[in-house]
Amino acid sequence: GTYDDLHRKHPTVPVIGNGKEILLPGFVNGHHHVGLTPVQLGSPDMPLELWFITRLVMKRVDPYLDTLYSAFEMIASGVTTVTHLQGSTGGTLEEVEVSADAVIRAYGDIGMRVSYAFGVRDQNRIVYKDDQAFVASLPVELQGPMARAYARFKMTLDDHFDLFEGLRSRHANKDRVRIQLAPANLHWCSDRALERLAECSEQSGAPLHIHLLETIYQREYARRRSGGTALEHLDRIGMLGPRLTLGHGVWLSDSDLDRIADSGTSICHNCSSNFRLRSGIAPLNAFEQRRIKVAIGIDEAGINDDRDMLQEMRLVLHSHRVPGMIDEDVPTHAQVLRMATSGGAGTTLFSSDVGTLEVGKSADLVLLDWAAISTPYLDPEMPLVPALIHRAKSSGVVLTMCDGDVIYERGRFAKVDRAAALRAIGDDLRRALADDEVERRGLAKALLPYARDFYRDYIRR
């Protein structure tokens, strides 16, 4: 009804906003990993496979504070739900459980929804080659440091499934937490791991989210491993279907895309990451032509080294405008908005609760100041959604609500003291490097030329 009718029926209900804002569903960041960005921790952008090496330089960060850092940025741009794919944290099962619980607790404290998964890896941790064979190929002086770097990862394959079941049990009663599965990538998972993940997903109903075909080197790895495409490999194992989301998908073939569309598999488009790590430009227009379900993921960090969904939507819109005048070959403003809302929601276990504003769904929403978009002038015939996508900034986010709970309003976070959290992060990271962190920094620099040599002739001519 109208405001007057509703206010007359419910005179004691608080009124939020002033009627001069745009109301949207809360955004969903469909693919996220860390808080402080790799650049902040000393790892510059490089081609993905070399970037894996440079990440050895990064300091350990308190997982609770680290998660809060990126949550501040997401919420301030209207994100209410995130798929958090935790990377290969070193340690035993017990140590990883502590880290995972800290990440989930941070989202709970700040008020966001999280669909959490811990990335499963059981092979090829540094390059696309057996771990021990790669260590043996290095000069003697690097073999010890490399073996010690590998030794940090103490989780067995069985441990990963114990972690999944433990997290599901401990967080089962939390409305804003869901636990899903994350085979990290084809090259990081043995067939045994993939088969067990597919079986676990089938039995539990938990979604799967896998990085796939992010680079041309990953395409070649799949060819060498099975003689076909990475997607064909997953299909043979029985992974394709509505529970599976493919992160990136830059190097999917046309036949792969047809198979994805037919199976109901989703894709998470990580536009900023693809640019920053020189992975390529995903065929988003081909995704849309086949009506594939697409989400948007900001990944490690957006093009501005932050987590700003409004900026990411603009980047997605403009990056896929092919030359020429064929309107069907470019994404529309409405498609991009859908990717950031219901498209992302559909890749999580929150799909029935969020992504749209309608009766029966949770009140996850964002208010945007219309004056910030339309001042000093906006032609009255300019449609609202194009105006929003082109002009909305995080500075114009008035309020972010999750499950009817105001978690951010006019620059202030309702549940966590942002200034205190940032001070704590700074204090923590100003400590001196530990001995193992010093060793890994030296190792990262020394390994780069050997990694370059490994990949130089990797692509089949």
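Student: Is E214 buried or exposed, and what about a salt bridge?
Tutor: In this predicted model, E214 is buried yet has no salt bridge. The nearest side chain of opposite charge is R55, 9.3 Å away.

Student: Hm, what does the side chain of E214 have a polar contact with, then?
Tutor: With the side chain of H248, at 3.3 Å.

Student: And where does E214 lie?
Tutor: In the loop between β7 (208–212) and α9 (216–226).

Student: OK, salt bridges in general. How many does a search of the whole structure find?
Tutor: The search finds 28 of them. One is between the side chains of D258 and R290, at 2.8 Å from N to O. D258 lies in helix α11 (residues 254–263) and R290 in the loop between α13 and β10 (293–296), so the pair ties together parts that are 32 residues apart in sequence.

Student: Are those two buried or exposed?
Tutor: In between: D258 is partly exposed at 38% relative accessibility, and R290 is partly exposed at 24%.

Student: What about helix α19, which residues pair up there?
Tutor: D436 forms a salt bridge with R440, with the closest N and O atoms 3.1 Å apart. They sit four residues apart in α19 (residues 435–456), about one helical turn. D436 is partly exposed at 28%, while R440 is buried at 6%. D453 and R456 also meet in a salt bridge, at 2.5 Å from N to O, and they are three residues apart in α19.

Student: Which residues are linked in a network of salt bridges?
Tutor: D45, R276 and D305.

Student: Switching to sheets. What's the strand order in the open one?
Tutor: Five strands go β1-β11-β12-β13-β14, with antiparallel pairing. β1 and β14 (412–413) are at the edges with a single partner strand each, so one side of each has no neighbour in the sheet.

Student: How many bridges join β11 to β1, and how many to β12?
Tutor: Five bridges join β11 to β1 (residues 21–25), and four join β11 to β12 (residues 397–402). For example, P25 has L365 as its bridge partner, I22 has L368, and L367 has L399 in β12.

Student: Why is β11 called largely enclosed?
Tutor: Because four of its five residues (the strand is 365–369) are buried.

Student: Last one: which residues make the nonpolar surface patch of about 260 Å²?
Tutor: F275, I281 and I303. I281 is in the loop between α12 (271–276) and α13 (284–289), and at 52% relative accessibility I281 counts as exposed.

Terms used. Residues numbered from 1 in each chain as written. Predicted model: local features only at pLDDT ≥ 70, side-chain atom pairs only at ≥ 80, totals over all residues. Heavy atoms only, no water. Patch = residues over 30% accessible without salt bridge, like charges linked within 9 Å, V, L, I, M, F, W, Y side chains within 5 Å. Areas by Shrake-Rupley, 256 points an atom, 1.4 Å probe, with all protein chains shown as cover. Salt bridge = Lys/Arg side-chain N within 4 Å of Asp/Glu carboxyl O. Helix = DSSP H or I, 4+ residues; strand = E, 2+ residues; numbered from the N terminus. Buried < 20%, exposed > 50% of the residue type's maximum accessible area, 1.4 Å probe, protein only. Pairing = 2+ DSSP bridges. Lys, Arg positive; Asp, Glu negative; His and termini not counted. Polar contact = N/O pair within 3.5 Å; in protein donor to acceptor, adjacent residues only side chain to side chain.
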